[in-house]
Amino acid sequence: MRPDRILAVAFALCLAWLPGAGAAAEAPADRKAVDAIFDEVFSRYQLPGLALGIVEDGRVVYSRTAGELVEGERDRIDSKTLFKVASNTKSMTTATLARLVDAGKLRWDDPVTRWIPDFRMHDAWVGREMQVRDLLIHNSGLRAGAGDLMLWPEPNTFTRADIIHGLGYLKPYRSFRSGYDYDNLMYIVAGEVAAAAGGAPYETLVRREVFEPLGMTRCQVGQWNRIEVGNVAQPHRREGERNVPVRSDGDIVPATTMDPAGGVRCSLDDMLRWTANWLKPNPKNEAWLSQEQRQALWAPQMPMPVSKRMREWDRSHFSAYGYGWRLADVDGVFKVAHTGTLMGMYSAVTMLPDKGAGFVILINGEGEDARTVLTQVLVKRYTSGVPALSVAHYAGLIDKEDAARPVSEKAPDTSRRRRATVKELLPELGMYRDPWFGEATLCRDGDAVRFRANKSPLLDGVVQRVGKRWLIDWDDPAVDAEAWVDLDGNGMRLAKVDPQADFSYDYEDLAFERVGACP
């Protein structure tokens, strides 16, 4: 039996839970106490906007919002404001697939090639053996975030067909099914599997199978009109003491290649309906998805590492990925959760089925630490059995972790940089090509040398010299991970300057070869 199957059986025998079952929450939401937590997080992290909701036993017992759609423009966020939920989309994609399984249109163990005949991986055997379930649990063997440069930064011109084609050129980091590495591209493939089995585009399916039956009336995916829909939060980045809008929407929000992995937008009200459905579905929602498929989505499918933080903060012994959900124990209590992260947008859905409680957090700014701290304080109110530790306590622990990080994990000082000259790089100038990313040029631009990616227009920047190394300084400040450039006369390799930069800047998976002169 495969290790992931053994884990699933063992965990099921230990906990024997049923979605929606479990004792009533032992720590009902105290409005005044939660307000104080909300206020402290909002103030400490200087967020442009924050939305928080709590569900207990199928009822919304707390809902609060603060801040603005765009900081400084006075349009207030409310419970109907749309936020990017980012990777919380993944559980909506798996729910769509589960509905197709319930309908007999699809099986979890179907070969992917049954639905996408052109699908292949770098290892032909892996391409033949990969099942639908494998697309959902991050066991492909690829490096975390491999190929994500075909998704982000947006906008770009990569299509889902490009992604399916490009997967054949991405070299594995480890063997298939041997370990967990977070993967967005497989969810794009999963969306195309759903489209093939369901007979409609992914965006149509998730509306039909998830939004409409669950009453998530404000949720948007695919192309839509921002002016007609209205009340849409915009992402922000931190610039000094201000929150500055970044990658703001136009009047028409386009469909994107990455929709099945992270393209959905929903309101707090919508996400609370989503959460209540899993914790205590009403009779209509129970008919929406069978108990068999609810359990399949929350069954451990792929073991995940138990981090030092999880051991110390939560006394965790177990961590795994289900179908679109992360599973773990906190103080002996079962937790089902997922986060979502896109430039300037953070989300979290956290559920404690044994306690009948769940939380939704939506942020439209740089809110990674705010999300972590707020989630932690709320969870501990239900699991610890003692007075919950404070926002300041967990914020302090994060600060200590950052201070103790070794030099090798910190961004180097690149302040003593200068613009590279054409003369210095003359032998390296030309057109380069990577088999999955496509063409990029390293060519003269006045008295400078510029890198331009053909299909990803935001990856456009001037080459700098830092000591003996070359670095690309991207023109758009929203591209927040600079790249080292190594050149050898015929090839070009890139790497993240900051080791802690988002793994979706997967420069390390690129292998450019020079294919011609500058145009």
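Start by selecting helix H7 and whatever surrounds it: the cover over its buried residues includes helix H3 (89-102), helix H4 (112-115), helix H6 (160-166), helix H8 (202-214), helix H10 (259-262) and E10. Contact here means heavy atoms within 4.5 Å, and buried means under 20% relative accessible area, exposed over 50% and partly exposed in between, with a 1.4 Å probe and protein chains only. Helices (H or I, at least four residues) and strands (E, at least two) are DSSP runs, numbered from the N terminus.

Before going further, a word on what is on the screen. This is a predicted model, in which local features need pLDDT of at least 70 and side-chain atom pairs count only at pLDDT 80 or more, while totals for chains, interfaces and linings use all residues. Residues are numbered from 1 along each chain as its sequence is written, and side-chain values use heavy atoms, with hydrogens and water left out.

**Stop 1: colour by confidence**

Colour the chain by pLDDT, the predictor's confidence in each residue, from 0 to 100. The chain mean is 94, and 94% of the residues reach 70 or more. Now select residues 1-28: pLDDT stays under 50 there, and the model has 58 contacts for this stretch beyond four places in sequence. Where pLDDT is low, the predicted coordinates should not be read in detail.

**Stop 2: back to helix H7**

Select residues 185-198. H7 has 14 residues and reaches 20 Å from its first C-alpha to its last, close to the 20 Å expected at 1.5 Å a residue; the expected span is 1.5 Å times one less than the number of residues. Twelve of the 14 residues are buried, so H7 is largely enclosed by the rest of the structure. Show side chains for the buried ones, among them Leu185, Met186, Tyr187, Ile188 and Val189. Just after the helix comes Gly199, with a positive phi near 75°.

**Stop 3: the open sheet**

Next, display the strands. Eight of them form an open sheet in the order E2-E1-E14-E13-E12-E11-E10-E9, with antiparallel pairing. At the edges are strand E2 (59-67) and strand E9 (302-303), each of which pairs on one side only. Two strands count as paired if DSSP finds at least two bridges between them.

Walk in from the E9 edge. E9 and E10 run antiparallel and are joined by two bridges, with Met302 opposite Tyr321 in E10. Select E10 (residues 319-321) and follow its three bridges to E11, again antiparallel. Tyr321 also stands opposite Arg326 in E11. The hairpin of E10 and E11 has four residues between the strands, and Gly324 takes a positive phi near 85°.

Now centre on strand E11 (residues 326-330). Four of its five residues are buried, so E11 is largely enclosed by the rest of the structure. On to strand E12 (residues 333-342), which pairs with E11 in the antiparallel sense over five bridges. Arg326 has Ala337 as its bridge partner in E12, while Val330 stands opposite Val333. Two residues separate E11 and E12 in their hairpin, where Asp331 in the turn has a positive phi of about 55°.

E12 is mostly covered, with eight of its ten residues buried. Seven bridges pair E12 with E13 in the antiparallel sense, and Leu342 stands opposite Met345 in E13. These two strands also form a hairpin with two residues between them; look for Gly344 in the turn, with a positive phi of about 80°.

**Stop 4: the helix across the sheet**

Keep the sheet visible and add helix H11 (residues 268-279). H11 lies across strand E1 (49-56), E2, strand E13 (345-352) and strand E14 (357-363), running at about 25° to E1. Axes here are lines fitted to C-alpha atoms, for helices over the stretch in contact, and angles run from 0 to 180 degrees between N-to-C directions. H11 has twelve residues and reaches 16 Å from its first C-alpha to its last, close to the 16 Å expected at 1.5 Å a residue. Eleven of the twelve are buried, so H11 is largely enclosed by the rest of the structure; Trp274 and Trp278 are among the buried residues.

**Stop 5: two single residues**

Zoom to Asn156, in the loop between helix H5 (124-129) and H6. Asn156 is buried, with a relative accessible area of 18%. Leaving out residues up to four places away in sequence, Asn156 touches Met150, Leu151, Lys455, Ser456 and Pro457.

Finish at Arg419, in strand E15 (residues 418-419). Arg419 is partly exposed, with a relative accessible area of 47%. Its contacts, not counting residues up to four places away in sequence, are Asp447, Ala448, Val462, Val463 and Gln464. For a last distance, draw a line from Arg419 to Val373: they are 46 residues apart in sequence and 40 Å apart in space, C-alpha to C-alpha.
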